[in-house]
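Hi there,

Here is the structure I promised to pass on. Have a look at it first, and my notes follow underneath.

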Amino acid sequence: MAARRRVYVRGVGAFTPLAPTWPATAAQLADGACGIREIDAFDATGFPCRHAAAIATPFPDEDRRLPYARAAAREAWGAARVSVAPARLGVFLGAESGRGRWQTVVGLARAARGEAGAFDHTRFAREARPFAERIDASVISPSAVAAALAREYGAHGPVETISLACASGSAAIAEAARAIRLGEIDVALCGGVGADVDPLMLAGFGLLGILSPRGVSCPFDAHRDGFVVGEGAAMLVLSAERADATVELAGIGRTLDAHHLTAPDPEGDGAARAMTAALRDAGLSPGAIGYVQAHGTSTPLNDRIEVTAIRRVLGDAAERTLVSSAKGALGHWVAGAGAVGALYAIHAVATGVVLPTAGLRDPDPACAVPHVIGRAAKGDVEAALASSFAFGGANSCLVVQRCG
Amino acid sequence: MTRVAITDVAARGPYRAGTAPAEEPLASQRARKMMSGAAYLAACALAELVGKLAPSAAERAELGYFLGVGGSAGALDDVTALLDASFVDGAFSLPRFGDRGLAACNPLLAFQLMNNFTMCHGAILESLGGPNGALFSRGAGTIAALGEAHHAVRSGACARAIAGGADVATHPVTLAELARDGHLGRGLVPADGAALVALAASTGRDDVVLDGCAHASGRGRALVEALNDAFARALRAATSSSADTRDAAPTWAREDLDSVGHIALSAWGPPAAEALRAYAAARFPFATLVDVSTRGETLAGGTAFALIAAVELLRSPSLEVVRSARPARAVVLSLGVDGDPGVILLSRGGAA
């Protein structure tokens, strides 16, 4: 059997609440900057959380996924300097649904409502037609963003949209790597996008009771009380050809908790199995990992259980492996979270700069690992692990390492 | 090379508008209440399929599950309650929405809204812990889910995997989307349903083998060109699992293409079906053809229903009406609203 094809990171890009490029974002993150502010894009009075890591936009009512992803993709593609035939290029994106306008949603709901609130198909067929003109699949469909990117970059290979909640971005990168390994394609544009600073998502997460009432994202802190929604896009260009790449995607691990819709397995079993699978796939021992980009949501349960899983997998190496979470500074991007987490890990391997967990001041003793607090740490990181754990129990872990 | 067999199938639907499925007992009423329509149908089909497989607890923990899913959507009653409580003097009020709207709404609504929950509800009920994926699908995503499952089994990531699709095309927002894009006007019949297949390494005594599947981008090129590309990719996917497949010889040779006896189609409405029929007629003029979309289009589920139809055709000699010998191979062609065509290649066990 032929050797497995290797997957090289040729370029990265990000569009974040802090800056419109990844280098500018990373520079601010290294200094301990935080992108979380009081929401001013809409009136959030009465909502369970009134803070978010939002990107200032003149079009708050419109679907923002595409401009975010487009900006990050442009940066990653420009850095990659790849040349590829259309049939050998694929696009893999972690994304959830976009948003229709409120007036449309309200109108549709009312048009369908018959006697006693039951769905009335006849009434709906008669009254919903005017609203139909306002439902644009190219705006609300999860796959619209990947399709648009494929069109713009002339990709004739597979175009896939992974909707795996908080693990979407990570799983999309994993799927892109799989396609390159198998020789289905030579180059992949992949990553994730989240644009969830809007009333519907705040309402949904508010219903679950998992947002920080204080509007503070402080993963692993003793005073953490929930997460803060963020938004942005992070994209990578992966290639089978190394060229001048210094980092490769070496390991993938994906599991299901099969435990609970929102709570992680109490022993961190699913998370630990995903980390272990990624290490095994990369052919690395736990001691080889110099940095863990944790999922670190700032919810009381996730962070404690995630640290339990990290300790379980890394063993003694957990005492010296640096850990941080992007969500302290950038909030939770949901479908984009795993992709920006991957950028943290790649940044650590490529530059030796381990970005900190913003918001972390007073580490919870139950989350005791070598946290990166305040400003970035410097270190010789040969390999790094990036974890994403989704509502519903889907886990996706990536291992990146310096090219040998 | 590890070949992958389709060992079992299960489905719910297609249910056209107004023909709701009979309620099936799941873990609890609370679990049912948290599910979207697609999640419920997928969970029912999954329960049946896992029941057939009868895995041990350890096998469940390693069992893979890959699902093509549509945009999830909440129950209409909850959405309207949430919205109705959010008006002040006839105008929609965001602050009111964030306060009284949320209070009026079933707090479990959030569990219905995320696309991945279409997969996760059933996985939790059946304690499935292996590799997984929820791929958004307007046709091609379900092929991608099947491809991931195929690879997971071939590469040894899991011994068995379940793959398929589930969707609810009769939800009001989806109906509006279909109407806006002209699909309803062109004859698409929306339906709800879930269809799943179980994959495992072939024992050599299997009824049906999944040789390969692939999809290709249809953007900016003619459908026939994109279909040919998807077909070529599927042929390459039928080669060794972990090697570079670009130059490998396909397991389907020219004579194998001649032995394709069945074509199963999944297409978004009559125009797309006509295009696939024309392609199939030109490439496989002697194959029998079944179009599952005529029973109702289940969107992300449609390709999986076509796959099950092809499996049943290969399994059932009584369905063969043209040839004296049972055909050795079948092909599934799919074309969703995304315009990305997909191809699945199947063989009768022992045909290779």
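Which residues are buried in H7(A)? They are A:Ala144, A:Val145, A:Ala146, A:Ala147, A:Ala148, A:Leu149 and A:Ala150. Please keep in mind as you read that this is a predicted model.

Let me stay with that helix for a moment. H7 of chain A covers residues 144-153, and because seven of its ten residues are buried, it is largely enclosed by the rest of the structure. Just after H7(A) comes A:Gly154, whose phi is positive, at about 65 degrees.

One of the partners of H7(A) is helix H2 of chain A, residues 65-80; the two axes lie 10 Å apart and the helices pack at an angle of about 40 degrees. H2(A) and H7(A) are therefore oblique to each other, and their crossing is right-handed. If you want to find the contact on screen, look for A:Arg65, A:Leu66, A:Ala69, A:Ala73 and A:Trp77 on the H2(A) side, which meet A:Val145, A:Ala148, A:Leu149 and A:Tyr153 on the H7(A) side. By class, this contact has eight nonpolar residues, one charged residue and no polar ones. A:Val145, A:Ala148 and A:Leu149 appear in this contact and are also among the buried residues of H7(A).

Next, a helix pair that brings the two chains together. Helix H9 of chain A (residues 199-208) and helix H5 of chain B (residues 94-104) have axes that come within 11 Å and cross at roughly 25 degrees. An angle under 35 degrees counts as roughly parallel, so H9(A) is roughly parallel to H5(B). This crossing is right-handed. From H9(A), the contact uses A:Pro199, A:Leu202, A:Ala203, A:Gly206 and A:Leu207, and from H5(B) it uses B:Leu94, B:Phe97, B:Gly98, B:Gly101 and B:Leu102. Seven of these residues are nonpolar and three are polar, with no charged residue in the contact. As background for the spacing of such residues, an α-helix has 3.6 residues a turn, so residues three or four places apart point the same way.

Now the core. The largest nonpolar core holds 271 residues, and A:Leu238, A:Val400 and B:Leu196 are the ones that touch the most other members. Helix H2 of chain B (residues 37-53) gives the largest share of this core, with eleven residues. What is A:Leu238 in contact with, leaving aside its neighbours within four places in sequence? The list is A:Val7, A:Tyr8, A:Val9, A:Arg10, A:Ala176, A:Ala177, A:Ile180, A:Ala188, A:Cys190 and A:Leu249.

A few figures for each chain may help too:

- Chain A has 13 helices and 14 strands, and 66% of its 404 residues count as buried. Of its contacts between residues at least 6 apart in sequence, 80% join residues at least 24 apart.
- Chain B has 13 helices and twelve strands, and buried residues make up 61% of its 352 residues. Of its contacts between residues at least 6 apart in sequence, 77% join residues at least 24 apart.

Finally, one residue of chain B. B:Asp77 sits in helix H4, residues 76-84. Is B:Asp77 buried or partly exposed? Burial takes 20 or more other C-beta atoms within 10 Å; B:Asp77 has 17, so B:Asp77 is partly exposed. Its C-alpha atom is separated by 8.8 Å from that of B:Cys105, which is 28 residues away along the chain.

Best wishes

Key
Residues numbered from 1 in each chain as written. Chains lettered and ligands numbered in written order. Predicted model: local features only at pLDDT ≥ 70, side-chain atom pairs only at ≥ 80, totals over all residues. Core = buried A, V, L, I, M, F, W, Y, C linked by C-beta atoms within 7 Å. Buried ≥ 20, exposed ≤ 12 C-beta atoms within 10 Å, placed from the backbone. Helix = DSSP H or I, 4+ residues; strand = E, 2+ residues; numbered from the N terminus. Contact = placed C-beta atoms within 7 Å. Axes fitted to C-alpha atoms, helices over the stretch in contact; angles between N-to-C directions. Parallel < 35°, antiparallel > 145°, perpendicular 65-115°, else oblique. Left-handed = near helix turned anticlockwise from the far one by under 90°. Nonpolar A, V, L, I, M, F, W, Y, C, P; charged D, E, K, R; others polar.
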